[in-house]
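Here is a short tour of how one model packs together. Have the sequence and the coordinates open as you read.

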Amino acid sequence: MADIKSETQALFDQGLNLRREVLGTEYVDGSLARANDFMMAFQHITTEWCWGYTWGRPGLEKKTRSMLNLAMLTALNRPAEIKLHVKGALNNGVTVEEIKEILLQATVYCGIPAGLDAFKVANQVLEEEGAFKEQQA
């Protein structure tokens, strides 16, 4: 049983570091701080399995994982998560042009309504982050 606990703790620790790196320490620590006992179960599974196990695997670079997330979140029509992951994608080196191309590709396969929501929220984040100014420089 101790091995399972230590493995789970290792996944959590690795996931927490990756989450902070990609999404920002302020966002991640705020999510953890706001979590009550009920929501902490979700925080643990997200941090351990999504971030520790999946994002922590060596098979893909973080940039590629971010690109995949943007496409999948568009397919699922999850604007709140797209907003979060556009910031993460920028942190992982995905360019504005690449984000645009990902969303165009996803729009064709997922439909105009999903693509429209993705473009709107991505545009908002890119403006807030000053990404368009960086592109023009």
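The notes below cover the cores, then one helix, then one residue.

This is a predicted model, in which local features need pLDDT of at least 70 and side-chain atom pairs count only at pLDDT 80 or more, while totals for chains, interfaces and linings use all residues. Residues are numbered from 1 along each chain as its sequence is written, and side-chain values use heavy atoms, leaving out hydrogens and water.

Let's begin with the cores. A nonpolar core is a set of buried Ala, Val, Leu, Ile, Met, Phe, Trp, Tyr and Cys residues joined through side-chain atoms within 4.5 Å; buried means under 20% relative accessible area, exposed over 50%, and partly exposed in between (1.4 Å probe, protein chains only). The largest nonpolar core has 16 residues, of which Leu70, Ile82, Val86, Ile99 and Leu126 touch the most other members. These helices each supply at least two residues of this core:

| Helix | Residues |
|---|---|
| α4 | 62-75 |
| α5 | 79-91 |
| α6 | 96-110 |
| α7 | 112-128 |

With five residues, α7 gives the most to this core. Helices are DSSP runs (H or I, at least four residues), numbered from the N terminus. A second, separate core of 10 residues includes Val28, Leu32, Trp51 and Leu84.

Now for α3, where Trp51 is buried, as are Gln43, Thr46, Thr47, Glu48, Gly52 and Trp55. At the start of α3, a side-chain oxygen of Asn36 comes to within 3.1 Å of the backbone nitrogen of Phe38.

Finally, Tyr109 is found in helix α6 and counts as exposed because its relative accessibility is 68%.

How values were computed:
A polar contact is a pair of N or O atoms within 3.5 Å; within protein, one must be able to donate a hydrogen and the other to accept it, and residues adjacent in sequence count only if both atoms are side-chain atoms.
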